[in-house]
Amino acid sequence: MMVVSSPAGGPMGATDSTLSLEEAWQALVHAAHPDREPPAQASDLRLSAAGWQAARPVAPEARELLDCLAPLAARPGRLAIAQLGQSLDGRIATESGHSHYVNGPQSLVHLHRLRALVDAVVVGAGTASEDDPLLTVRHVTGPHPVRVILDPRGRVTPDRRLLRDPVAPTLHLHGEGAPPEGPSGAHVERLALPLVEGGFAPRAVLDVLAERGLARVLIEGGGITVSRFLEAGVLHRLHLLVAPLLIGSGRPGLVMTPIATLHEARRPASRTFRCGDDTLFDLVLDAPAP
């Protein structure tokens with residue numbers, strides 16, 4: 001009988017059946033949200049930030065899922081992870097803003113899994129207005145995160161779905177002295193934050209969320225918002241989903257302060273995984289490169 005574990009873990013006792021992708025996923029959800037009822041086979045799989053251990057053989061797709069997401073789901077304390085989907089040449093949309101769909105369907109499933117493993121998902125005002133997302137986990141099983149809009153100028157209008165659809169709570173953060181116009185649903189809480197250079201300080205945003213019990217946060221977009229959080233040094237991880245696509249011009253994903261030489265470039269530790277035709281780069285930002 002084969003007994004399996006991640007490289008960081010030791011073996012457990014073995015049983016007869018193969019651990020499926022769905023069982024692995026439910027274990028990841030429980031690790032991220034331990035207050036939820038554990039899955040039926042919870043004792044067959046142990047997760048930690050360093051790896052995982054299984055009491056029985058694991059299906060190949062379940063093993064890859066565990067390798068990818070166990071460090072996130074089982075991480076103790078606060079977590080800030082950002083996600084961007086882009087082309088090979090680093091574009092997230094055309095010049096006109098068209099971005100559906102840069103990445104393939106498996107990358108969309110991965111994004112929804114990330115949402116299900118966090119307490120809150122954050123988008124900027126541009127993404128909330130132009131993409132009009134719901135920010136739910138409809139492509140996977142799991143809890144919807146609290147949806148957070150960063151709206152320094154109070155420009156997100158009440159017809160946007162995040163402010164109309166009550167499927168999940170929404171926190172609308174706006175700048176002091178710039179309250180949004182119009183009504184919002186009962187599921188929406190509005191909160192004023194001080195402005196720093198025309199926007200919000202990323203660390204202050206994460207602190208406000210943590211004070212509300214939202215310690216695990218996904219910064220989903222757009223590129224400017226993710227860039228601000230990355231440059232502020234508050235991210236633990238960055239997931240870049242790269243599609244085999246050349247757009248040639250358009251909106252860049254990451255826009256950082258220019259550097260003079262490559263010696264100043266960030267070189268984070270990284271891992272890669274397949275997401276259908278796309279490649280996922282899992283960048284570890286709070287650990288030194290090997």
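**Salt bridges and a helix pair in the predicted model**

In this predicted model, Arg 160 and Asp 132 form a salt bridge in which the closest N and O atoms are 3.7 Å apart. Arg 160 sits in the loop between β6 (146–151) and α5 (161–164), while Asp 132 belongs to the loop between α4 (125–130) and β6, so this pair ties together parts that are 28 residues apart in sequence. With a relative accessible area of 16%, Asp 132 is buried, because the cut-off for that class is under 20%.

Asp 132 has a further partner to look at. A salt bridge also forms between Asp 132 and Arg 161, where the closest N and O atoms are 4.0 Å apart. Here again distant parts of the chain are linked: Asp 132 is in the loop between α4 and β6, Arg 161 is in helix α5, and 29 residues separate them. Arg 161 counts as partly exposed, at 31% relative accessibility, whereas Asp 132 is buried. Through salt bridges that share partners, Asp 132, Asp 159, Arg 160 and Arg 161 are joined into one network.

Readers who would like to follow the charged pairs elsewhere can turn to the full set, as the structure holds twelve salt bridges. Side chains of opposite charge can pair when their charged atoms come close. One of the twelve is the salt bridge in which the side chains of Glu 23 and Arg 56 meet, at 2.7 Å from N to O. Glu 23 lies in helix α1 (residues 21–32) and Arg 56 in the loop between β2 (51–54) and α2, so the pair connects parts that are 33 residues apart in sequence. The two partners can also be described by their accessibility. Glu 23 is partly exposed, at 25% relative accessibility, while Arg 56 is buried, with a relative accessible area of 2%.

Helix α2, which follows that loop, brings the description to a helix pair. Helix α2 (residues 60–73) packs with helix α3 (residues 105–116) at an angle of about 30°, and their axes are 11 Å apart. That angle makes α2 roughly parallel to α3, since angles under 35 degrees fall in this class. The crossing in which α2 passes α3 is right-handed. On the α2 side, Leu 65, Cys 68, Leu 69 and Leu 72 take part in the contact, and they meet His 110, Arg 113 and Leu 114 of α3. By residue class, this contact of α2 with α3 comprises five nonpolar residues, one polar and one charged.

Note on methods
Residues are numbered from 1 along each chain as its sequence is written. This is a predicted model: local features need pLDDT of at least 70, side-chain atom pairs count only at pLDDT 80 or more; totals for chains, interfaces and linings use all residues. Side-chain values use heavy atoms; hydrogens and water are left out. Axes are lines fitted to C-alpha atoms, for helices over the stretch in contact, and angles run from 0 to 180 degrees between N-to-C directions. Helices (H or I, at least four residues) and strands (E, at least two) are DSSP runs, numbered from the N terminus. Angles under 35 degrees count as roughly parallel, over 145 as roughly antiparallel, 65 to 115 as roughly perpendicular and the rest as oblique. A crossing is left-handed if the near helix is turned anticlockwise from the far one by less than a right angle, and right-handed if clockwise. Contact means heavy atoms within 4.5 Å. Ala, Val, Leu, Ile, Met, Phe, Trp, Tyr, Cys and Pro count as nonpolar, Asp, Glu, Lys and Arg as charged, and the others, Gly among them, as polar. Buried means under 20% relative accessible area, exposed over 50%, partly exposed in between (1.4 Å probe, protein chains only).
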